[in-house]
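Biologist: Could you take me through this structure slowly, with your reasoning at each step?

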Amino acid sequence: MKKVPARAVSLLVVVAVFLSLFFTSLTPANAAAKGAWAPNTAYAVNDTVTYSGSTYTCLQAHTSLTGWEPANVPALWKSGGGTTTPTPTPPPATNGATFYADINYGGKAVTLGTGNYTLSQLNAAGIPNDWMSSLKVPSGWTVEVYENENFGGTKWTYTANSSWVGDNVNDKMTSVKIYIGSPQTSVTKPSEVPSQIWTYVMNVDNKFGKGGDFALLLSAVIKKESSFGAGLPGSPSAGDGLMQVEPNTRNAYLSQFSAKFGRTYNHSSEQDQVALGGLILDEKISRFGSIYNGLLHYNGGDNWYPGATDSYGRPILADQYANAVYATYQGYGGKN
């Protein structure tokens, strides 16, 4: 028998190994039946599980968490059995809005780039439902946080960093829109609001990133407080401005005004009168949890309660004030 040269044998071995690896790569991995889905379990691509009477196939390798049930995260599971080509996991965003689990930018942090994120997409990025206590927003970006799935419910808009989003927003985020540019304005000027007043309130609205709704509320307050300036004696500064902020209250907020607007407050400026009133009203809304409650305490003070009286024993009718302003705001098309 003719002996095969050693060099030829080596070559045949190399070819055999290559062909084995080549054909193995063409053969999909067998799906591992993992039984009922469970949290805190490592799943590989093509693993199958059962959940609520249905079978699901894993699309991306991951360790499951409560809230990531197969029906809730289509980015991780597809309905039905069989093998599938895994969807590449996008690399974490390095430039975008960063959401934090705790106040003062503490705890777990997740950065998201521009886009619209439903709950399942937030889950896939590592953000559970009803989460977020602080966030950082790049300059020129806008983040719209929604209370409900699919961009429903109350919307909170951010155009700057917030070290504490407040009790009204804390752990309420369910869906998010992130984009570069100013908030989209979807309101029109009420016919009775003078043009210069509308300019003032829209400037403040844009500064707070409210998308126009805050401008409607400020217009309603200015109508009640000063009849759009017509009810002020002489110069607006002779009274307490378009939004009738009392001098002591005004002085208490001067440093916050400078920090927010980057200038010293000028009470002779109607724009500054509206900006200061807006700053105070926004703080009351965040502290007391709703627009209506914010109006109550904007008018009656932080310690107001039904039946409260002033130092002369006269009733403080903040509820009547809030009813009137809120009705005007809703009549303008207010949505919150």
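What follows is a set of questions and answers about the helices, the buried residues and a few backbone angles of this predicted model.

Biologist: How many helices and strands are there in the protein, and what percentage of its 336 residues is buried?

Modeller: The model is predicted, and the protein in it has 9 helices and 13 strands. A residue counts as buried when its relative accessible area is under 20%. By that cut-off, the buried share of the 336 residues is 41%.

Biologist: Among contacts between residues at least 6 apart in sequence, what percentage joins residues at least 24 apart?

Modeller: The contacts to consider here are those in the protein between residues at least 6 apart in sequence. Of these, the share joining residues at least 24 apart is 56%.

Biologist: On which side or sides of helix H9 do its buried residues lie?

Modeller: Helix H9 runs over residues 318–331, and its buried residues are Ala318, Tyr321, Ala322, Val325, Tyr326, Thr328 and Tyr329. An α-helix has 3.6 residues a turn, so residues three or four places apart point the same way. The buried residues of H9 cover an arc of only 160° around the axis, and therefore they lie on the same side of H9.

Biologist: Which exposed residues does the face of H9 turned away from its buried side carry, and which helices are included in what covers the buried residues?

Modeller: The face turned away from the buried side of H9 carries the exposed residues Gln320 and Gly331. As for the buried residues of H9, what covers them includes the helices H4 and H8.

Biologist: At what angle do H4 and H8 pack, and how do the residues of their contact divide into nonpolar, polar and charged?

Modeller: Helix H4 (residues 213–226) and helix H8 (residues 291–300) pack at an angle of about 35°, and their axes are 13 Å apart. H4 brings Asp213, Leu217, Val221 and Glu225 to this contact, while H8 brings Ile291, Leu295 and Tyr298. Sorted by type, the residues of the contact of H4 with H8 are 5 nonpolar, no polar and 2 charged.

Biologist: What span should helix H3 have at 1.5 Å a residue, and which elements do its buried residues pack against?

Modeller: Helix H3 covers residues 195–208, and because its 14 residues should span 20 Å at 1.5 Å a residue, the 20 Å between its end C-alpha atoms agrees with the expected value. Its buried residues include Ile197, Trp198 and Phe208. The buried residues of H3 pack against strand S12, H4, helix H6 and helix H7.

Biologist: Is Arg250 buried or exposed, and which residues does Arg250 touch?

Modeller: Arg250 is found in helix H5, and because its relative accessibility is 14%, which is under the 20% cut-off, Arg250 counts as buried. Leaving out residues up to four places away in sequence, Arg250 touches Asp240, Val245, Tyr265, His267 and Leu276.

Biologist: Where does Ser52 lie, and what is its phi?

Modeller: Ser52 lies in the loop between strand S3 and strand S4, and Ser52 is exposed, with a relative accessible area of 65%. Most residues other than glycine have a negative phi. Ser52 is not a glycine, and yet its phi is positive, at about 50°.

Biologist: Which loop holds Asp130, and what is its phi?

Modeller: Asp130 is in the loop between helix H2 and strand S10, where Asp130 is partly exposed, with a relative accessible area of 39%. Although Asp130 is not a glycine, its phi is positive, at about 55°.

Note on methods:
Residues numbered from 1 in each chain as written. Predicted model: local features only at pLDDT ≥ 70, side-chain atom pairs only at ≥ 80, totals over all residues. Heavy atoms only, no water. Axes fitted to C-alpha atoms, helices over the stretch in contact; angles between N-to-C directions. Helix = DSSP H or I, 4+ residues; strand = E, 2+ residues; numbered from the N terminus. Contact = heavy atoms within 4.5 Å. Nonpolar A, V, L, I, M, F, W, Y, C, P; charged D, E, K, R; others polar. Expected span 1.5 Å × (residues − 1). Buried < 20%, exposed > 50% of the residue type's maximum accessible area, 1.4 Å probe, protein only. Arc of directions from axis to C-beta.
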